Amino acid sequence: MKIHLKDIGEGKDLRFHLDREQVDELFAVTGGELTGTDAGLSLNGRVQLLDDTVIVSGALSAEIGFVCVRCAELRSRRVELPLDAVLMPRSSTDELDSDLELTAEDMDVSFYDGEEIELDPLVREIIFLEFPAFPACEAGSEECEQALEAIKAALDTGEDEVVDGPDPRWAALGAIREKLRNGSS
Ligand SMILES: [Zn+2]
């Protein structure tokens, strides 16, 4: 998601959409913990130029895939986030004295090189910060509980291959049979 300085002029609408593969690519540098989904990612907003300071104001809307740390299933979460950024040319930091540089840090100013603004790192950071280090399904999620139960059940049957006595399911069938027999007599 790039903007050329010369295209901004009096201000320019931002309209980007990334599909699943492009979102995958966006997060590849973070080890692929977050992934794209069919819904993709949209960025809409406006970019303006004040001297050589670029001001971006917009909104991100995306559905992001992640693996739940509890149930280990691939889940997704919808995120709606504001994207507001102030970017200054990196060369301008040479002219700033240290006090001003601190102010720039407080204001959460980013820097750009050359004639092109690359929005990918900003978008990546904003979404990445929205997710905890160990993302999980929402607390009390039924899907998560069920998946967890299924894992436990699979582990249990793996451990106890020899079952003592008749399978409880057969016992239940036997009870039904008994009932039917008593009823018909
Ligand atoms: Zn889960």
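The following paragraphs describe the nonpolar core of this predicted model and two loop residues with positive phi.

Residues are numbered from 1 along each chain as its sequence is written. Because the model is predicted, local features need pLDDT of at least 70 and side-chain atom pairs count only at pLDDT 80 or more, whereas totals for chains, interfaces and linings use all residues.

The largest nonpolar core (a set of buried Ala, Val, Leu, Ile, Met, Phe, Trp, Tyr and Cys residues joined through C-beta atoms within 7 Å) has 20 residues. Within this core, V54, L60, I117, V123 and I127 have the most contacts. Two or more core residues come from each of α2 (20–28), β4 (41–50), β5 (53–67), β6 (74–89) and α5 (120–130); helices (H or I, at least four residues) and strands (E, at least two) are DSSP runs, numbered from the N terminus. The largest share, six residues, is given by β5. Not counting residues up to four places away in sequence, L60 touches L41, L43, V79, L81, L83, V123, I126 and I127, where contact requires C-beta atoms, placed from the backbone, within 7 Å.

Attention now turns to the loops. Most residues other than glycine have a negative phi. D51, in the loop between β4 and β5, is not a glycine, yet its phi is positive, at about 55 degrees. D51 counts as exposed because it has 8 C-beta neighbours inside 10 Å; a residue is buried if 20 or more other C-beta atoms lie within 10 Å of its own, exposed if 12 or fewer, and partly exposed in between, with C-beta atoms placed from the backbone. A72, in the loop between β5 and β6, likewise has a positive phi, near 65 degrees, without being a glycine. With 11 other C-beta atoms within 10 Å, A72 is exposed.

Note on methods:
Contact = placed C-beta atoms within 7 Å.
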